2 protein chains.
Amino acid sequence: MRVKDENKEKSIREKAMEMIVQEGFDGLSMQKLALAAGVSPATIYIYFKNRADLLNQLFNEVEETFTKVTLADFSPEMSFKEGLWLQWKNRLKFIIDYPIHYRFHEQFRNSPLINHSDIKITPFKENMKAFVQHAVKRGEMQKVDPEIYWSIAFGTFYSLVRFHLHEKSMMNNDFKLTEHKMRQAFEMMIKSFKI
Amino acid sequence: MRVKDENKEKSIREKAMEMIVQEGFDGLSMQKLALAAGVSPATIYIYFKNRADLLNQLFNEVEETFTKVTLADFSPEMSFKEGLWLQWKNRLKFIIDYPIHYRFHEQFRNSPLINHSDIKITPFKENMKAFVQHAVKRGEMQKVDPEIYWSIAFGTFYSLVRFHLHEKSMMNNDFKLTEHKMRQAFEMMIKSFKI
DNA sequence: TCTATAAGTGAATGAATATTCATTTATATT
DNA sequence: AATATAAATGAATATTCATTCACTTATAGA
């Protein structure tokens, strides 16, 4: 039998994400996508059940990559400060290495599509839960509702990223959120957790 | 001459926002909108130049309301802590009083449409700039790049809101981010600014 | 080399899309 | 009451849409 050309699927996935990032969800039509990916419209339906399935698969792909990058070198036993800083660095790495993934993800999670989608659960939450439990046990932080320290630790980070994305264009490669500035923000933020 | 029926425009605006919040940008078609608003498709084009103009006008309307609510009772001369807390309360009020506006705004600002739109400048930034200048002069906070304290102060807030929106449904009226919990997060967050 | 089979296709389908236009309707002014 | 005028309309237009289908192509195993 004829063998599957993996470049085809990859091309479809890549172009789809690019189109969505550049033109939004209503900018993605199957025919335009097929054209951009150098493929027949019908071919898309070999790899994806339909348009919604394509979007869901893209989202899951992004989540997978995100989890992989973010958890690199991370261990729940790390000290609170060290672990959080690694998370910041990893997340920034993801944003820089996969800018289109990142923008697609931001767009998707703020859209109502997220409700209709069947998203896989990432191993992420459990990891972070254990991380905090260790930190509390060691007395490195107060015991408060998880959403509170989450919000301080990552809300600050993403807001910082956002500021840099809005001023300059990440796409034009002038996305320079220096480690120095990140560290400065981090050192201030981390004071929140002083007991 | 025949007089303009203001209910018609209001209905179009409201239904459009609802549809976008519920189904996303590609869920908004002019014909469905006309049907929902109880109006002929052609009527929409009396009030809006085209689809893009409609979206932009909606966004500007939201920004206007947002600015009004957020700056209520606010003065740049307030102490840093007091002023920030008022901002948190005002922003929460906006989210609770105008849930659809809020969700529309979140969706819009994360979409590529934001680049093509001609958005009016809000009096917001200048207000906040003055606010921080006063605080620095009074020695209530360190002098750092604005994006840093912005990120800590509001990144934390919006992240907290987001947590509550994802768990429960704001639409179902069980959006209960209590002032107590907000205050708890605020007290931790504000420690970042201790000199 | 032949064959079975899944990959891949271009053209077609009917539904939905944004926008326009000739026409009707309501009202402020005369 | 008559008129001028802009609001409002329903139907029509030409595109574009997601998806399907009958067909062709490539290749693994015989």
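## Chain A against chain B

Buried area is the accessible area, with a 1.4 Å probe, that two parts lose on being put together, summed over both. In this predicted model, chain A and chain B bury about 3400 Å² between them. Carbon and sulfur atoms give 56% of that area. Three residues, Asn110(A), Ile148(A) and Met188(A), supply 18% of the area that chain A buries against chain B. No other three residues supply more. Each chain brings 40 residues to the contact: 40 from chain A and 40 from chain B.

Polar links cross this interface too. The count is 19 residue pairs in polar contact, with both residues at pLDDT 80 or more. Six salt bridges are found between chain A and chain B. One of them joins Asp145(A) to Lys181(B), with the closest N and O atoms 2.9 Å apart. On the chain A side, the elements that give two or more residues are helix H1 (6–23), helix H6 (99–109), helix H9 (146–167) and helix H10 (179–190). H9(A) gives the most, with 13 residues. By class, this side of chain A has 14 nonpolar, 15 polar and eleven charged residues.

## The fold of chain A

Chain A has ten helices and zero strands. Along the sequence the pattern reads α-α-α-α-α-α-α-α-α-α. The C-alpha atoms fill a box of roughly 60 × 35 × 30 Å along the principal axes.

Chain A has 195 residues, and 51% of them count as buried. Take the contacts in chain A between residues at least 6 apart in sequence: 74% of these join residues at least 24 apart.

## DNA strand C

Strand C is surrounded by 22 residues. The closest come from both chains: Thr43(A), Tyr47(A), Met1(B), Met30(B) and Tyr45(B). Of the strand C atoms that come within 4 Å of the protein, sugar and phosphate account for 58%. H3 of chain A, helix H2 (30–37) of chain B and H3 of chain B each supply at least two residues of the surface near strand C. H3(A) has the largest share, four residues. The surface near strand C divides into eleven nonpolar, five polar and six charged residues.

Chain A makes polar contacts to both backbone and base of strand C. A polar side-chain atom of Thr43(A) lies 2.3 Å from a phosphate oxygen of strand C. Asp5(A) uses a backbone N or O atom, 3.0 Å from a phosphate oxygen. Ser40(A) reaches a base: an N or O atom in the Ser40(A) side chain is 2.9 Å from a base nitrogen of strand C.

## DNA strand D

Strand D is surrounded by 24 residues. The closest are Met30(A), Tyr45(A), Ala42(B), Thr43(B) and Tyr47(B). Sugar or phosphate holds 56% of the strand D atoms within 4 Å of the protein, and bases hold the rest. Helix H2 (30–37) and helix H3 (41–47) of chain A, with helix H3 (41–47) of chain B, each supply at least two residues of the surface near strand D. H3(B) gives the most, with four residues. By class, the surface near strand D has twelve nonpolar, five polar and seven charged residues.

Both chains make polar contacts with strand D. A polar backbone atom of Asp5(B) is 2.9 Å from a phosphate oxygen of strand D. From chain A, a backbone N or O atom of Arg51(A) lies 3.0 Å from a phosphate oxygen. A polar side-chain atom of Arg2(B) lies 3.4 Å from a sugar or linking oxygen of strand D.

Notes:
Residues are numbered from 1 along each chain as its sequence is written. Chains are lettered from A and ligands numbered from 1 in the order in which they are written. This is a predicted model: local features need pLDDT of at least 70, side-chain atom pairs count only at pLDDT 80 or more; totals for chains, interfaces and linings use all residues. Side-chain values use heavy atoms; hydrogens and water are left out. A residue is near a molecule or strand if one of its heavy atoms lies within 4 Å of it. A polar contact is a pair of N or O atoms within 3.5 Å; within protein, one must be able to donate a hydrogen and the other to accept it, and residues adjacent in sequence count only if both atoms are side-chain atoms. Ala, Val, Leu, Ile, Met, Phe, Trp, Tyr, Cys and Pro count as nonpolar, Asp, Glu, Lys and Arg as charged, and the others, Gly among them, as polar. Contact means heavy atoms within 4.5 Å. A salt bridge is a side-chain nitrogen of Lys or Arg within 4 Å of a carboxyl oxygen of Asp or Glu. Buried means under 20% relative accessible area, exposed over 50%, partly exposed in between (1.4 Å probe, protein chains only).
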